[in-house]
Amino acid sequence: MKIKKGDLVACYVTNTNEWETLMCWGIVIDTNEPVEDLLVLDNYGHQRWWPSTRWRILSSKKNIKYLDLDIKLAENNNIT
């Protein structure tokens, strides 16, 4: 599956004694297809360009829209 804008992605450390450890996660803000790079806003609040091979998709954009809808509904209920 190809990574696209809006996808939730994760970066894992695999070169240690541990089999696999989650290093960070983020949302893809932009893509640069010619060089296969991704602009990712990570869980620390930083945005940076990374090689696409560094990241794995956790959830695609089409699944996030339901979460976004739930958040908007919750916000509207809190306003009144």
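This report describes the salt bridges of a predicted model and the surroundings of E33.

## Basis of the values

Local features in this predicted model need pLDDT of at least 70 and side-chain atom pairs count only at pLDDT 80 or more, whereas totals for chains, interfaces and linings use all residues. Residues are numbered from 1 along each chain as its sequence is written, and side-chain values use heavy atoms, with hydrogens and water left out.

## E33 and K2

E33 is placed in the loop between β2 (21-32) and β3 (37-42), where strands are DSSP runs of E of at least two residues, numbered from the N terminus. With 55% relative accessibility, E33 counts as exposed (exposed means over 50% relative accessible area, buried under 20%, and partly exposed in between, with a 1.4 Å probe and protein chains only).

The structure holds two salt bridges, a salt bridge being a side-chain nitrogen of Lys or Arg within 4 Å of a carboxyl oxygen of Asp or Glu. K2 and E33 form one of them, with 3.4 Å between the closest N and O atoms; this pair links distant parts of the chain, since K2 lies in the segment before β1 (8-13) and E33 in the loop between β2 and β3, 31 residues apart. Both K2 and E33 are exposed.

## D30 and K5

A salt bridge also joins the side chains of D30 and K5, at 3.7 Å from N to O. Because D30 lies in strand β2 and K5 in the segment before β1, the pair ties together parts that are 25 residues apart in sequence. D30 counts as partly exposed at 27% relative accessibility, and K5 is partly exposed with a relative accessible area of 45%.

Definitions and conventions. Helix = DSSP H or I, 4+ residues; strand = E, 2+ residues; numbered from the N terminus.
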